[in-house]
Amino acid sequence: MSDPQSIAPTERTLSGRWMVIGMFAMGITLTSLLYVYSTLHLGPFRPLQDAIVREFKGSAPRVDGGKKKLHKNTPTVLRILVKTEIDPLSEHEESIQALFAMRERIAELAMEKAPLPDLSILEIHVYKLLKEDEIHKRSYRLDLKAGADWIEIDQPYR
């Protein structure tokens, strides 16, 4: 016969209601953190993004900037990623001239609208989506402190 005092305690389980409440709380927390990040980190670049969109319709620009390592005296970099209908890898003179004009205009807008007072390097990444898995891309860097001309920072690939 079993002793009434030796009954094994039942395992505690989490009810479905508390599980759903916890999932909603986690979703709201993560969404809030993503909103705060985008507002604080990317918000200062919103005027530049809007200016690029007004100038180049359908460009879907992404602008990000700052220093890589604050504790080391690294240069301040502004990166702009822009979608275009111009093929960056095209060898036609009109495509080359259109890409050059786009790059120069984006640089002008960046000088006007960028919230980085000690901007040292401007990077522009231009790409064209061709097919689902094919992207033509070119990237350029302008060293503002050295007064150098644009250089291509990666090899174009197909």
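In the predicted model, S95 is located in helix α3. With a relative accessibility of 16%, S95 falls under the 20% limit and therefore counts as buried. When residues up to four places away in sequence are left aside, the contacts of S95 are with I86, D87 and S90.

Helix α3, which spans residues 93-113, also takes part in covering another helix, as it is among the elements that lie over the buried residues of α2, together with β1 (62-66) and β2 (76-83). In helix α2, which comprises residues 46-55, the buried positions are L48, Q49, A51 and I52. These residues are placed on the same side of α2 because the arc that they cover around the axis is only 160 degrees.

Two of these α2 residues, L48 and I52, recur in the largest nonpolar core, a set of 24 residues in which L48, I52, L78, I80, I106 and L122 touch the most other members. At least two residues of this core are supplied by each of α2, β2, α3, β3 (119-131) and β4 (134-143), and the largest share, amounting to six residues, comes from α3. In soluble globular proteins, nonpolar side chains tend to be buried together.

The surroundings of L122, one of the core residues that touch the most other members, can be described in further detail. Not counting residues up to four places away in sequence, L122 touches L78 and I80, both of which are likewise listed among the core residues with the most contacts to other members. The remaining contacts of L122 are with A107, A110, M111, Y140, R141, L142 and W150.

Definitions and conventions
Residues are numbered from 1 along each chain as its sequence is written. This is a predicted model: local features need pLDDT of at least 70, side-chain atom pairs count only at pLDDT 80 or more; totals for chains, interfaces and linings use all residues. Side-chain values use heavy atoms; hydrogens and water are left out. Buried means under 20% relative accessible area, exposed over 50%, partly exposed in between (1.4 Å probe, protein chains only). Helices (H or I, at least four residues) and strands (E, at least two) are DSSP runs, numbered from the N terminus. The arc is that of the directions from the helix axis to the C-beta atoms. Contact means heavy atoms within 4.5 Å. A nonpolar core is a set of buried Ala, Val, Leu, Ile, Met, Phe, Trp, Tyr and Cys residues joined through side-chain atoms within 4.5 Å.
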